[in-house]
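Visitor: Could you take one strand in the core of this model, look at it closely, and then work outward to whatever surrounds it? I would like the numbers as well as the picture.

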Amino acid sequence: MHEARNYAQWSDAAQAYDELAGHQRWKATDQSSQYDYRAIRTRVERLRELIASGDHHGLLFDLNEGIHGNMGGMGRLELYHRARFGTKQLIVEYVDAIVDALDVIADPDIDDISIEDKLDFFRRAHHCFGQSALMMSGSGMLLYFHIGVVKALWEQGLLPTVLSGSSGGSFVGSIVATHTDAELQKIFDPNYLVHKIDPGEQPPGILQRLRQPVLQVSEIKAIIARLVPDMTFQEAYDKTGRHLNISISPAEAHQTSRLLNAVTSPNVLIREAILASAAVPGVYPPVTLAAKDKDGKKKQYLPTRRWVDGAVSDDLPAKRLARLYGVNHFIVSQTNPHVIPFISDARRRNEIGNVLRIAATRTARVWLNAGATLLSRPLSRRPRLNRATNIVLSVLNQDYAGDINILPPYKFYNPVRLLTHLSEAEIAELIAMGERAAWPKLEMVRIQTRIGRHLESIRRDYEALATYAPAQRKRPAAHIRTTAAG
């Protein structure tokens with residue numbers, strides 16, 4: 001596994017390891033205290049009987065009772081970390097049974113259920129089941145790790161259509177959301193990504209004293225201009241169908257953080273949104289957003305307000321994504337240096353050291369918040385100190401993990417290097433690191449998202465079909481069968 005050069009080699013090695021370690025026997029056995037295997041086995045057999053008997057209305061009724069991504073606790077992380085590749089075969093069989101049942105209902109030759117009833121079912125099922133999102137943390141120049149993660153997901157057809165990012169993550173999300181699949185392959189080439197400009201004079205800020213080649217604002221703008229087309233959030237969605245979300249934080253008091261996207265701010269320009277989300281306080285100046293007016297001309301957006309690094313207040317905007325898109329499953333690419341030392345892989349979650357560390361972290365968070373509350377009055381007389389305190393508390397109080405977490409192999413990074421120039425070799429290394437970190441998670445992503453992806457595909461096809469007159473519906477329906485089978 002360590003020597004694998006691509007995912008196919010890694011998965012072959014992982015399955016061979018599972019065979020040698022006896023994990024294949026564990027996967028083939030239903031029984032486990034980690035999930036309700038009896039209820040899942042009963043449901044699988046019931047779906048198979050209905051399909052075999054041709055009872056389409058009974059199958060539809062059974063599916064209407066609920067299609068669950070975490071049926072009987074089958075989504076527990078521990079079930080995906082015993083073996084190196086995959087999980088219990090029963091869980092795979094359940095997902096297969098649901099997909100097979102959906103294909104039967106979607107089959108255009110099944111005409112004892114009307115198109116309207118099918119469309120109504122698929123809309124409700126998709127809404128209730130929810131969908132997945134990829135959230136990319138703030139990262140500085142570690143953003144190339146995110147690119148490796150995206151590459152691994154994209155190559156396996158597992159990249160969600162809902163993307164969020166803050167700081168460096170916003171840059172990666174913007175690249176992906178403004179390029180079609182046909183255009184994306186070149187993005188993963190380190191030679192294409194590298195930006196070679198003489199750093200010149202150092203910008204003012206706290207890092208200047210460290211005498212490192214910190215990227216200047218002009219250089220960041222040039223990198224963004226080269227890799228991200230100058231378009232609005234709505235224009236990007238219209239081009240690729242991907243929902244881009246960028247977190248930004250307020251630079252002044254009495255403001256709240258924002259999540260920019262095609263729903264809340266369709267006319268805002270993406271380039272300025274990236275620049276704002278990457279404006280590290282104390283290093284880069286706050287940014288005023290820009291948007292297109294009704295005539296398509298560029299103008300300032302909320303000109304009296306300025307914005308800074310999105311990771312300060314909402315690094316992973318899970319609640320907002322859930323409200324906007326019905327997301328209930330989160331894949332997280334996490335590279336924030338102050339966060340990754342405190343996030344554990346599920347394989348080590350229940351070890352005594354990790355349990356004590358988590359408890360200590362939570363206790364410290366409570367006491368820091370309590371201390372800030374007690375000192376709120378004296379702090380109010382020192383605006384700068386009060387502002388710094390609020391930033392620290394905002395960072396500490398966030399949740400930095402998701403359902404599936406993809407982390408770098410190293411827990412500590414030199415913070416000075418986070419805003420500096422990287423060589424092509426360093427970029428290639430970070431991309432490869434992101435890929436390798438994602439490989440052990442891909443089968444988990446595939447299993448946990450397959451039903452949602454299948455429902456979305458069928459729903460989309462049936463909504464297109466519903467626009468045809470009844471006499472014209474047979475021809476496009478043939479496309480549904482092909483799509484659903486995929």
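Guide: Happy to. Let's start at a single contact: Val-332 stands opposite Asn-405 in strand S9. Before going further, please keep in mind that this is a predicted model. The contact belongs to the pairing of strand S8 with S9 (residues 404–406), where three bridges join the two strands and the direction is parallel. S8 itself spans residues 327–333, and six of its seven residues are buried, so the strand is mostly covered.

S8 also pairs with strand S1. S1 covers residues 131–136, and six parallel bridges connect S1 with S8. One of the bridge pairs matches Ala-133 with Phe-330 in S8. As background for reading these strands, side chains in a regular strand alternate between the two faces of the sheet.

Both S1 and S8 turn up again in the largest pocket. Its volume is about 1300 Å³, and 47 residues line the pocket, with Ser-132, Pro-160, Thr-449, Gly-452 and Arg-453 lying nearest its centre. The elements that contribute two or more residues to this lining are H6, S1, helix H7 (143–155), helix H12 (233–240), helix H15 (318–325), S8, H19 and helix H20 (474–485). Helix H19 gives the most, with eleven residues. If you are thinking about chemical character, the lining divides into 14 nonpolar, 21 polar and twelve charged residues.

H19 is worth following from here. This helix, residues 424–465, also supplies one half of an aromatic pair. The structure holds five aromatic pairs. One of them joins Phe-122 and Tyr-462 in a tilted arrangement, with 5.4 Å from centre to centre and 40° between the planes. The pair links distant parts of the chain, since Phe-122 sits in helix H6 (residues 115–129) and Tyr-462 in H19 (residues 424–465), 340 residues apart. How accessible are these two partners? Phe-122 counts as buried because its relative accessibility is 0%, and Tyr-462 is buried with a relative accessible area of 0% as well. Phe-121 joins them, and Phe-121, Phe-122 and Tyr-462 form one aromatic cluster.

H19 is involved in an enclosed space too. A search of the whole structure finds three cavities of 30 Å³ or more, and about 40 Å³ of space lies in the second largest. That second largest cavity is lined by Gly-69, Met-74, Tyr-80, Val-95, Phe-129, Ile-447, Gln-448 and Ile-451. H19 provides the largest share of this lining, three residues. By class, six of the lining residues are nonpolar, two are polar and none is charged.

Next, a covered helix. Helix H8 (residues 168–177) has ten of its ten residues buried. Among the buried residues are Phe-171, Val-172, Ile-175 and Val-176, along with Gly-168, Gly-169 and Gly-173. For reading such a segment, an α-helix has 3.6 residues a turn, so residues three or four places apart point the same way. Ser-167 lies in the loop between strand S2 (162–165) and H8. The backbone of Ser-167 deserves a glance: its phi is near 55°, a positive value in a residue other than glycine. Ser-167 counts as buried because its relative accessibility is 7%, which falls under the 20% cut-off.

You can set that beside Leu-302, whose phi is near 50°, again a positive value in a residue other than glycine. Leu-302 is found in the loop between strand S6 (298–301) and strand S7 (307–309). With a relative accessible area of 29%, Leu-302 is partly exposed.

Two further side chains to look up while the model is open are tyrosines. Tyr-284 is found in the loop between helix H13 (270–277) and strand S5 (289–292), and Tyr-284 is buried, with a relative accessible area of 8%. Its C-alpha atom and that of Val-217 are separated by 7.2 Å, although the two residues are 67 positions apart along the chain. As for Tyr-192, Arg-226 lies over the face of its ring, at 5.8 Å from the ring centre.

To come back to where we began: S8 is joined to S9 by three bridges and to S1 by six.

Methods:
Residues numbered from 1 in each chain as written. Predicted model: local features only at pLDDT ≥ 70, side-chain atom pairs only at ≥ 80, totals over all residues. Heavy atoms only, no water. Buried < 20%, exposed > 50% of the residue type's maximum accessible area, 1.4 Å probe, protein only. Helix = DSSP H or I, 4+ residues; strand = E, 2+ residues; numbered from the N terminus. Pairing = 2+ DSSP bridges. Phe/Tyr/Trp six-rings, centres within 6.5 Å; stacked < 30°, edge-to-face > 60°. Lys NZ or Arg CZ within 6 Å of the ring centre and 35° of its normal. 1 Å grid on protein atoms, 1.4 Å probe; cavity = no way out; pocket = protein on both sides within 12 Å on 5 of 7 lines; lining within 4 Å. Points joined across faces, edges and corners; volume = space filled by probe spheres on them. Nonpolar A, V, L, I, M, F, W, Y, C, P; charged D, E, K, R; others polar.
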